[in-house]
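User: I'd like a close look at one part of this model, with the rest brought in where it touches that part. Keep it relaxed, but give me the cut-offs as you go.

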Amino acid sequence: MSILPAAIGIVLNANHTQVLLVKRHDVPVWVLPGGGIEPGEKAEEALVREIQEETGYIVKIVRKCAEYSPINRLAA
């Protein structure tokens, strides 16, 4: 099993008191919006695309908070 790259976003309301979550279709849990990065696509482009696909919102990235690279399958 290979680990596919993904981009995940933290979308806040105007006064930063609420975080946007989306409900997954495959398992009934609420998660931050995001998804897979397509070949040739930058992480930032993937994130904006995925958030629009999942929520209908057009977002602007204000800052990158973190980058995570699993070191093994158990960490993924």
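How many helices and strands does the protein chain have? And which residues of helix 1 are buried, and what covers them?

Analyst: The protein chain has one helix and four strands, in the order β-β-β-β-α from the N terminus. Those elements are DSSP runs numbered from the N terminus, with helices being H or I of at least four residues and strands being E of at least two. A word on the ground rules: this is a predicted model, where local features need pLDDT of at least 70 and side-chain atom pairs count only at pLDDT 80 or more, while totals for chains, interfaces and linings use all residues. Residues are numbered from 1 along each chain as its sequence is written, and side-chain values use heavy atoms, with hydrogens and water left out.

On to the helix. Helix 1 covers residues 43–55. Its 13 residues reach 18 Å from first C-alpha to last, close to the 18 Å expected at 1.5 Å a residue (the expected span being 1.5 Å times one less than the number of residues). Just after helix 1 comes Gly56, with a positive phi of about 85°.

The buried residues of helix 1 are Ala46, Leu47, Arg49, Glu50 and Ile51. Buried here means under 20% relative accessible area, exposed over 50%, and partly exposed in between, using a 1.4 Å probe and protein chains only. An α-helix has 3.6 residues a turn, so residues three or four places apart point the same way. What covers the buried residues includes strand 1 and strand 4 (34–36).

Three residues of helix 1 also sit in the largest nonpolar core, and that is the largest share. The five core residues are Ala7, Val11, Ala46, Leu47 and Ile51; such a core is a set of buried Ala, Val, Leu, Ile, Met, Phe, Trp, Tyr and Cys residues joined through side-chain atoms within 4.5 Å. Ala7 shows the packing nicely: leaving aside neighbours within four places in sequence, Ala7 is in contact (heavy atoms within 4.5 Å) with Ala43, Ala46 and Leu47, among others including Pro33, Gly34, Gly35 and Ile37.

Then there's Arg49, a charged name on the buried list. Arg49 counts as buried because its relative accessibility is 18%. Not counting residues up to four places away in sequence, Arg49 touches Gly36, Glu38 and Glu41.

For scale, 17% of the 76 residues of the protein chain count as buried.
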